[in-house]
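Colleague: I have a new structure open and would like a guided look at it. Could you walk me through a few places?

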Amino acid sequence: MLMKKAVGRGGGTRKYDLLTILGVHALAQGKTLQRQTLRLLCLITARYNWQNDQLSVGQAEIARLWSVDTRTVKREMAALRERGWLVEKRPAARGRVTVYGLGIAQILHDTRASWDMVGPDLVARMDAPEAPPEPEAGGKVIPFPQLPMPEGEGAWPRIARRLQQSDAGLYRLWFAMLEGIESGHEVLISAPSAFHAAYVQTHHLPLLERAVRQEEPGLSLRFV
């Protein structure tokens, strides 16, 4: 998933993954690179405009965010530009601050070795091809390759098929790698990583629970 912008369909997932990758990568670095990466994370979460790919913040404000002086801000921003993690889009001018964009392709390239630390689910998402852009009015619709329908007649295959029919893109990203086993009055759900399980429970649990109720009203679900 060599994304240019973390917006559009699946944008929330791409943002979350990018921030996770930066954090995990930072924690594996020496003190200097760790601090620099965490400072960038702070800027992104506080002031980055994802829709317009713009980071427009004055040096004094950055200094407050980082608890440093403006000389440190100048040095760190220059270092981030040299790494290609920040790209200058418009230089500072009288009354206007410098506008930056994120060098997402360079960030993904430099942090590639850290993806496995999160889990195989993130690696699969990052390596998956992006969905084609929405067609213009009157244009041809280019179908995105679909995963095969889950097979089987048990409770979980039926739930999985309902999830896929509800939102194929969301299913591909988050539900396809889940495994479910019916045990008594429960469906026991396992995920490929703790990160994957936590993300589904935080962001997509209502959808998953609704699919369970629609297919098997007497069953509850539990992550194991």
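Modeller: What follows goes from the overall make-up to a helix pair, a sheet and one histidine, and please keep in mind that this is a predicted model.

Colleague: OK, how many helices and strands does the protein have?

Modeller: The secondary structure consists of ten helices and six strands. Of the 224 residues in the protein, 40% are buried.

Colleague: And what share of the contacts with a separation of 6 or more comes from residues 24 or more positions apart?

Modeller: Those residues account for 55% of the contacts in that group.

Colleague: Let's zoom in, then. At what angle do α3 and α4 pack?

Modeller: Helix α3, which covers residues 59–66, packs against helix α4, residues 70–83, at an angle of about 95°, and their axes are 9 Å apart. The two helices are therefore roughly perpendicular to each other, since angles from 65 to 115 degrees are counted that way.

Colleague: Which residues meet there?

Modeller: From α3 the contact involves Gln59, Ala60, Ile62, Ala63 and Trp66, and on the α4 side they meet Thr70, Val73, Lys74, Glu76 and Met77. Sorted by type, the residues of this contact of α3 with α4 are six nonpolar, two polar and two charged.

Colleague: Does α4 lead us anywhere else, and what does it lie across?

Modeller: Helix α4 lies across β2 and β3, and its direction is at about 100° to β2.

Colleague: Which sheet are those strands in, and what is the strand order?

Modeller: They belong to an open sheet of three strands, ordered β1-β3-β2, in which the pairing is antiparallel. Strands β1 (55–56) and β2 (86–90) are the edge strands, each of them pairing on one side only.

Colleague: How many bridges are there between β2 and β3?

Modeller: Strand β2 pairs with strand β3, residues 99–102, over four bridges in the antiparallel sense. Within this part of the sheet, Leu86 stands opposite Leu102 in β3.

Colleague: Changing topic to His196: is it buried or exposed?

Modeller: His196, which lies in helix α10 (residues 194–215), is buried, because its relative accessible area is 0% and the cut-off for buried is under 20%.

Colleague: What does its side chain make a polar contact with?

Modeller: The side chain of His196 is joined to that of Asp121 by a polar contact of 3.0 Å.

Colleague: And which other residues is His196 in contact with?

Modeller: Leaving aside neighbours within four places in sequence, His196 is in contact with Arg125, Leu173, Trp174, Met177, Leu178 and Ala191, as well as with Asp121.

Conventions:
Residues numbered from 1 in each chain as written. Predicted model: local features only at pLDDT ≥ 70, side-chain atom pairs only at ≥ 80, totals over all residues. Heavy atoms only, no water. Axes fitted to C-alpha atoms, helices over the stretch in contact; angles between N-to-C directions. Parallel < 35°, antiparallel > 145°, perpendicular 65-115°, else oblique. Contact = heavy atoms within 4.5 Å. Nonpolar A, V, L, I, M, F, W, Y, C, P; charged D, E, K, R; others polar. Buried < 20%, exposed > 50% of the residue type's maximum accessible area, 1.4 Å probe, protein only. Polar contact = N/O pair within 3.5 Å; in protein donor to acceptor, adjacent residues only side chain to side chain. Pairing = 2+ DSSP bridges.
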